[in-house]
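Welcome! Please take a moment to look over the sequence and the 3D view, and then read on for a short guided walk through the interior.

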Amino acid sequence: MPNIAVLLTCFNRKDKTIACLESLLLTVKNYNYIANDKANISIFLTDDASTDGTAQAAMKVCQGEDIHIVQGNGNLFWAGGMRAAWDEALKHEQTWDFFLLLNDDTTLHANAMAELMDTHSCNIYNPEKKSCYFVAVISLDDGREIYRSDLIAPGKAIYSMTLSEPLED
């Protein structure tokens, strides 16, 4: 039963943040339905002084879920907001198996949690491939999406990615 701390930060993007949270809850629900174990998530959302009601809307969408709102002062931006969410998660007595960092404009596919957990299981059974997980959905101007999931070996880094041609599956 994995315990997952989900970290997000936002500033005045209520609709995008709510869509992200709804997709997160759906993918966890789907994973819990098909998996032999249950993913327990706790959401740590830094609201960096939004004035559009983002925090209140998040609490409403996540009613009944374990959600923690960290209030920012408007000067945290993405990195500071994520650090504040991380710090809040670490204050809890929970032992986290995973930290899932999401941009608030991310919409997860319905099977995203299952894909991540399957990738993790593959890595566990192949210990020589110790790595971190990289998942991206790239939206093209014509509305097509490209899904990419990779294991990144230790000592490797992805600095940038330029998309000029669609990636092959």
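## A walk through the inside

By the rule used here, the count comes to one cavity of 30 Å³ or more. This is a predicted model, so please read everything below as computed from that prediction. The largest cavity holds about 30 Å³ of space, and its lining is made up of Thr-27, Leu-100, Leu-108, Ala-112, Met-113 and Leu-116. Helix 4 supplies the largest share of that lining, three residues. By character, the lining of this cavity divides into five nonpolar residues, one polar and no charged.

Next comes an open space. The second largest pocket holds about 170 Å³. Around this pocket you will find Thr-9, Cys-10, Phe-11, Arg-13, Asp-48, Gly-74, Phe-77, Trp-78, Asn-103, Asp-104 and Asp-105. Strand 1 and helix 3 (77–91) are the elements that give two or more residues to its lining. The table sets the two spaces side by side.

| Space | Volume | Lining residues by character |
|---|---|---|
| Largest cavity | About 30 Å³ | Five nonpolar, one polar, no charged |
| Second largest pocket | About 170 Å³ | Four nonpolar, three polar, four charged |

Now for the overall layout. The protein has four helices and six strands, and along the sequence they follow the pattern β-α-β-α-β-α-β-α-β-β. Of the 169 residues in the protein, 37% are buried. Among contacts with a separation of 6 or more, 65% are between residues 24 or more positions apart.

Where do the nonpolar residues gather? In soluble globular proteins, nonpolar side chains tend to be buried together. Here, the largest nonpolar core has 27 residues, and Ile-4, Val-6, Leu-8, Leu-24, Ile-41, Ile-43 and Leu-102 touch the most other members. The elements giving two or more residues to this core are strand 1, helix 1 (14–34), strand 2 (40–47), helix 2 (54–61), strand 4 and helix 4 (112–124). Helix 1 gives the most, with seven residues. There is also a second, separate core of seven residues, which includes Leu-7, Met-82, Ala-85 and Trp-96.

Leu-102 is a good residue to click on. Leaving aside its neighbours within four places in sequence, Leu-102 is in contact with Val-6, Leu-7, Leu-8, Cys-20, Leu-24, Met-82 and Leu-108. Two of these contacts, Leu-7 and Met-82, are named in the second core, while Leu-102 itself belongs to the largest one.

Strand 4 (residues 98–101) shows how the two sides of a strand can be placed. Its covered face carries Phe-98 and Leu-100, and its uncovered face carries Phe-99 and Leu-101. Leu-100, on the covered face, also helps to line the largest cavity. How do strand 1 (residues 3–10) and strand 4 pair, and over how many bridges? They run in the parallel sense, with four bridges between them. One partnership to look for is Leu-7 with Leu-101, its bridge partner in strand 4.

Finally, turn to Ser-23, which sits in helix 1. Is Ser-23 buried or exposed? Ser-23 counts as buried because its relative accessible area is 7%, under the 20% cut-off. Beyond its neighbours within four places in sequence, Ser-23 is in contact with Thr-106, Thr-107 and Leu-108. Leu-108 also appears among the contacts of Leu-102 and in the lining of the largest cavity, which makes a handy landmark for returning to the starting point of this walk.

Definitions and conventions. Residues are numbered from 1 along each chain as its sequence is written. This is a predicted model: local features need pLDDT of at least 70, side-chain atom pairs count only at pLDDT 80 or more; totals for chains, interfaces and linings use all residues. Side-chain values use heavy atoms; hydrogens and water are left out. Buried means under 20% relative accessible area, exposed over 50%, partly exposed in between (1.4 Å probe, protein chains only). Two strands pair if DSSP finds at least two bridges between them. A nonpolar core is a set of buried Ala, Val, Leu, Ile, Met, Phe, Trp, Tyr and Cys residues joined through side-chain atoms within 4.5 Å. Contact means heavy atoms within 4.5 Å. On a 1 Å grid over the protein atoms alone, a cavity is a set of points where a 1.4 Å probe fits but cannot get out, and a pocket is an open set with protein on both sides within 12 Å along at least five of seven lines; lining residues have an atom within 4 Å of a point. Grid points are joined across faces, edges and corners, and a volume is the space filled by probe spheres set on the points. Ala, Val, Leu, Ile, Met, Phe, Trp, Tyr, Cys and Pro count as nonpolar, Asp, Glu, Lys and Arg as charged, and the others, Gly among them, as polar.
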